[in-house]
Amino acid sequence: MRSDDTILELRNIRKSYTLRRWPAPAETLRAVDGVSLSVRRGETLGVVGESGCGKSTVGQIASLMLPATAGSLTFKGVTLPAGRVTNRGRLRTQIQYVFQDPYSSLNPRFTIGRLLEDPLAIQRAGGRRERRQQVELMLERIGLDPSFAKRYPHELSGGQRQRIGIARALMLEPEFLVLDEPVSALDVSVQAQILNLLKELQQELALTYLFISHDLNVVHYVSDRVAVMYLGRIVELADVHALYAEPLHPYTQALVASIPAEPGSGPREAPVVEGELPDARRLPEGCAFRTRCPYAHERCGRTPELIEIRPGRQVACHLWTAFQ
Ligand code: ADP
Ligand code: MG
């Protein structure tokens, strides 16, 4: 169930990396450049944008896997300063991260049963028998026969592996999942099965999702609201229907225009926006999109703030904010 209750809030999150390639002078790369957003309990907030825009970095910070350079995070009323957002014990188990390729995060030498039991064992949750039972229940819940507990990751198909990736994230009964391109490595037909499973699990377990993908069709299908990222910033945030029916930011307009007419008929690798994505080490002054924007103007030399221009609709573009 969606609600207006905020479960997670990011405030002005920044993440920069210092790149040293001696003897060249050190360079700063701004992966995330001031992101603020609220996720409501029970919703799916989609995060979309081209590769390299900072989506995974935001997801890792939101799931307490990566400390930020600046900003703060509030999860269920507990606020953490940006630099200390890792290893938060109990809080950490309530937020889980699902990777694009579960294979790389599943130890190939362990059975599925062991892989699913591990998070419980680490948290010392229940006795051995109880844990085995929980593993069986979870396998059923994600649509696999309990006999899968005896199998190894390499014996599974891509879709089955992603089911295990999701099951593993759910073992500790989290409330919030960060799903980072969870279906991008799968065939289109399998994608739909996994997306439907995620929707069912959300209903049954009252989960909240931050759903990251570069695929606009996938984001459209699963999200209640969508944040569009461009080079480390959110450029637009809106209800999913409003965003796709009437994209307001020129970047969102270009993304939406690039969606192939037939789902699955176009290349799945990347949306097509004219011009090249600037190097994150040398971001343009002001609006980062101005180098590719058909409406670029002198005023775009100043960074546009993300402003709510209509209820529930935020846009960071001088075209829309000039008259506010
Ligand atoms: P996305 O998920 O949207 O593709 P990422 O969050 O992975 O984007 O990356 C955002 C930017 O940060 C990219 O320019 C990427 O190269 C850079 N980046 C990510 N992680 C690191 C790292 N550990 N060190 C240096 N640069 C990084
Ligand atoms: Mg990514």
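Which residue's side chain meets that of E50 in a salt bridge? In this predicted model, the partner is R292, with an N to O distance of 3.0 Å. The two residues belong to distant parts of the chain: E50 is in the loop between β3 and α1, whereas R292 is in the loop between α10 (250-257) and β11 (307-310), a separation of 242 residues. Both E50 and R292 are buried.

The salt bridges of the model number 19 in total. Another of them is formed by R225 and E43, whose closest N and O atoms lie 2.8 Å apart. This pair also links distant parts of the chain, since R225 is located in strand β9 (residues 225-230) and E43 in the loop between β2 and β3 (44-48), 182 residues apart. Burial was assigned with a cut-off of under 20% relative accessible area. R225 has a relative accessible area of 9% and is therefore buried. The value for E43 is 0%, so E43 is buried as well.

A further salt bridge is found between the side chains of K76 and E175, at 2.5 Å from N to O. Here the loop between β4 and β5, which holds K76, is linked to the loop between α6 (158-170) and β7 (176-180), which holds E175; the two residues are 99 positions apart in the chain. Through shared partners, salt bridges join K76 and E175 with D5 and R41 into one network. K76 has a relative accessible area of 34% and is therefore partly exposed. E175, with 21%, is likewise partly exposed.

Strands β4 and β5, which flank the loop of K76, belong to an open sheet of four strands. The strand order is β2-β1-β4-β5, and the pairing is antiparallel. β2 (27-40) and β5 (78-81) stand at the edges; each has a single partner strand, so one side of each is left without a neighbour in the sheet. Neighbouring strands are turned against each other by 20° on average, with direction ignored.

Within this sheet, β4 (residues 70-75) and β5 run antiparallel and are joined by four bridges. F75 stands opposite V78 of β5. Helix α1, comprising residues 55-62, lies across three strands of the sheet, namely β1 (6-19), β2 and β4. The helix runs at about 120° to β1. The loop that precedes α1, following β3, is the one that contains E50, the residue whose side chain meets that of R292.

Conventions:
Residues are numbered from 1 along each chain as its sequence is written. Chains are lettered from A and ligands numbered from 1 in the order in which they are written. This is a predicted model: local features need pLDDT of at least 70, side-chain atom pairs count only at pLDDT 80 or more; totals for chains, interfaces and linings use all residues. Side-chain values use heavy atoms; hydrogens and water are left out. Two strands pair if DSSP finds at least two bridges between them. Axes are lines fitted to C-alpha atoms, for helices over the stretch in contact, and angles run from 0 to 180 degrees between N-to-C directions. Contact means heavy atoms within 4.5 Å. A salt bridge is a side-chain nitrogen of Lys or Arg within 4 Å of a carboxyl oxygen of Asp or Glu. Buried means under 20% relative accessible area, exposed over 50%, partly exposed in between (1.4 Å probe, protein chains only).
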